[in-house]
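Grab a coffee and work through a few exercises on the structure shown here. Try each task yourself before reading its solution.

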Amino acid sequence: QVQLVESGGGLVQAGGSLRLSCAASGSIFSINTMGWYRQATGEQRELVATITNNGITKYADSVKGRFTISRDNAKNTVYLQMNSLKPEDTAVYYCNADYIGPFRYGMNAWGKGTLVTVSS
């Protein structure tokens, strides 16, 4: 089993910044893509940003230029730097990882989420 533990959420005023972290631990052979998704109340979960193990990134149009995803492969950790936050960024943010388990099967894991609230 793999555990993804997010941290860094909280309450911030519009225009402010937050940095989310997600650390993966457990039975991991290797991690491929890691990413952040979010789900606002009453909405479907949506992609925010992803990053491959060689640093290729992808962003939702709504966060381009404001959010930056990065990772530390040695620590199995992914980060999301969020700047110029808007009230519409308010959501629970979930970490996700595609990884290879100890028996060399491809697997996927989700964190439990961290709440980001942006006040106007």
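**Exercise 1: Asp 89**

Leaving out neighbours within four places in sequence, Asp 89 is in contact with Arg 38, Arg 66, Phe 67, Ser 84, Val 116 and Val 118. Keep in mind that this is a predicted model.

Task: Work out where Asp 89 lies and whether Asp 89 counts as buried or exposed.

Solution: Start with the place: Asp 89 sits in the loop between S8 and S9. Next, take its relative accessibility, which is 1%. Buried means under 20%, so Asp 89 counts as buried.

**Exercise 2: the core**

Task: Say how many residues the largest nonpolar core has, and which strand gives the largest share.

Solution: The largest nonpolar core has 29 residues, and Trp 36, Leu 80, Met 82 and Tyr 93 have the most contacts inside it. Several strands each supply at least two residues of this core, among them S1 (2–7), S4 (30–39) and S8 (77–82). The largest share, 5 residues, comes from S9. Now zoom in on Leu 80: beyond four places in sequence, the residues it touches include Trp 36, Val 48, Phe 67, Ile 69 and Tyr 93.

**Exercise 3: positive phi**

Task: Find where Asn 76 and Arg 104 sit, given that each has a positive phi without being a glycine.

Solution: Take Asn 76 to begin with; its phi is about 50°, and its place is the loop between S7 and S8. With a relative accessible area of 25%, Asn 76 is partly exposed. Then go to Arg 104, with a phi of about 70°. Arg 104 is in the loop between S9 and strand S10 (106–110).

Note on methods:
Residues are numbered from 1 along each chain as its sequence is written. This is a predicted model: local features need pLDDT of at least 70, side-chain atom pairs count only at pLDDT 80 or more; totals for chains, interfaces and linings use all residues. Side-chain values use heavy atoms; hydrogens and water are left out. A nonpolar core is a set of buried Ala, Val, Leu, Ile, Met, Phe, Trp, Tyr and Cys residues joined through side-chain atoms within 4.5 Å. Buried means under 20% relative accessible area, exposed over 50%, partly exposed in between (1.4 Å probe, protein chains only). Helices (H or I, at least four residues) and strands (E, at least two) are DSSP runs, numbered from the N terminus. Contact means heavy atoms within 4.5 Å.
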